[in-house]
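Dear colleague,

I am handing over the structure we spoke about, together with some notes on its backbone and its sheet. Please look at the model first and then read on.

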Amino acid sequence: MLSHAFNMDGRAASLTITDKMPYLLEAGVQPIVFSAITGLKDARFPHKQFLAWGPAAFRFDFRHWIANKYGRGFIYKILTRTVSIVLAPLIGIEKFILGYSSQWSWAIPAFVRGYFLIRAGKIDVVYSIGSAWSAHLAGVWLKKATGVKLISEVHDPLVIRRSADDQGFAKPKNRDARFRHYLEVQLCKYSDYVWWFTDGAIHYAKVRNPNLNTPGNAQGFVVMPGANPPGEGGQESFHVYEQYLNLCHFGSLANDRSLSMVLKAANSLFKKYPEAREHLRVHAYGAPLDALSIAAIKQYDYGDILFAHGRLEKDPLTGKSGREQVAERMQKADVLILLHGNDEWCAEYIPSKFYDYLWSGRPIWGITHRNPQLDQMLLDRKSYLSADGDDEGIAMALERIWLDWQKKELIKPIWDPVGVDQAVGVILNRVTH
């Protein structure tokens, strides 16, 4: 199993595979995991952690390793700054010559160690896992060098389209994007099985690679990754209405996935219902605020409306992991905000946080972009739904949430979470028959 981010607490790329492990072990799979040193070592099976051989990836991995070992205090700052200074010239050369994303070089040690294990007859199947594409690169190299069976899990689209009319055929100018385009072709040719997480993703991959699902080439399908229930198990929660209407967002933010649109809608709401100013609160967990959200806070003077809590790390006092703390805060929210983004790739992408949201039992307010599959999943479970870019529709949705909260009648979602067990079942059913 090639997974660069394996066992990194709270990382979607990690959780998507680590959540599968209990079900794979139960099914009789005997894994040997290759990962970077950025996560915690797993004692349930052989877990080999490699430093990447390139300077940029070494710096990235080293920072996380030091943080895991010593925390992010004085030692972390001194060591990481020293390493950054020493490696800066080499990183510049690497970027100039290749121009790839930093983790590419992790493929080299993963390939070398994998090659000798395969030649020794200890490996039956290589399973390459995103999101860092170095895992897929190592998988393709191993397939070509040894003929081993290769199965590949593509998390995010490798080819980023720019518009609804763009099918992804054009050769990108960016060298990393150009290589990802090449790698998609390689996976569709050399993998025995390859799967994506959305209908849109496999549709466009098939458009670019008509050989997909033909004899002698990769067999492609869709797997909804799902999520494991938090703590001892997910459950429909009994909600207590309190002084504030708490809207909570979990996960990364960016200018194309910004809470500024929620603040703009809040400004409209306060003009119509001035009393809402004293009750509405927006909470952001998991990442720093994006530039547009920061600008909106200043523009509207909403420093007392939007609160950024940052990433939740393991609590040394309670022993709770960041993931456990996130689950608790989700269940206490009045409404969970699901920001999809506004790029064209949203047509091929469903935020992994959506599956965690489903276990919370709380209403979801989805602000989505060009993804009928995601919209239907939200509507099937009863959710508030808006389209990104539709300022009037977003404002109307927030007004509805406000009025529902006042009456203590927020939407009661249909309890229908998507577990990881179904994902493992789909994968094993396809690759073992």
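What follows is a set of notes on one sheet, a helix that packs on it, a histidine and a few backbone angles.

The model is a predicted one, in which local features need pLDDT of at least 70 and side-chain atom pairs count only at pLDDT 80 or more, whereas totals for chains, interfaces and linings use all residues. Residues are numbered from 1 along each chain as its sequence is written, and side-chain values use heavy atoms, with hydrogens and water left out.

To begin with the sheet, six strands (DSSP runs of E, at least two residues, numbered from the N terminus) form an open, parallel arrangement in the order 9-8-7-10-11-12, where two strands count as paired if DSSP finds at least two bridges between them. Strand 9 (306-310) and strand 12 are at the edges with a single partner strand each, so one side of each has no neighbour in the sheet. On average, and with direction ignored, neighbouring strands are turned by 20° against each other; the axes behind such angles are lines fitted to C-alpha atoms, for helices over the stretch in contact, and angles run from 0 to 180 degrees between N-to-C directions. Strand 11 (residues 364-368) pairs with strand 12 in the parallel sense over four bridges, and Trp365 stands opposite Tyr384 in strand 12.

Helix 9 (residues 260-272) packs on this sheet and touches strand 7 (245-250), strand 8 (280-285), strand 9, strand 10 (335-339) and strand 11, contact meaning heavy atoms within 4.5 Å. The direction of helix 9 makes about 175° with that of strand 8. Helices here are DSSP runs of H or I with at least four residues.

Elsewhere, His181 lies in helix 7 (residues 175-190) and is buried at a relative accessible area of 18%, where buried means under 20%, exposed over 50% and partly exposed in between, with a 1.4 Å probe and protein chains only. Leaving aside residues up to four places away in sequence, His181 touches Val159, Gly168, Phe169, Ala170, Pro172 and Arg208.

Finally, the backbone: most residues other than glycine have a negative phi, and most peptide bonds are trans. Lys382, in the loop between helix 13 (372-380) and strand 12 (384-387), has a positive phi of about 65° and is partly exposed at 48% relative accessibility. Asn7, in the segment before helix 1 (12-18), has a phi near 65°. The peptide bond from Gly130 to Ser131 is cis, with omega near 15°, and Ser131 belongs to the loop between strand 3 (125-129) and helix 6 (134-146).

With best regards
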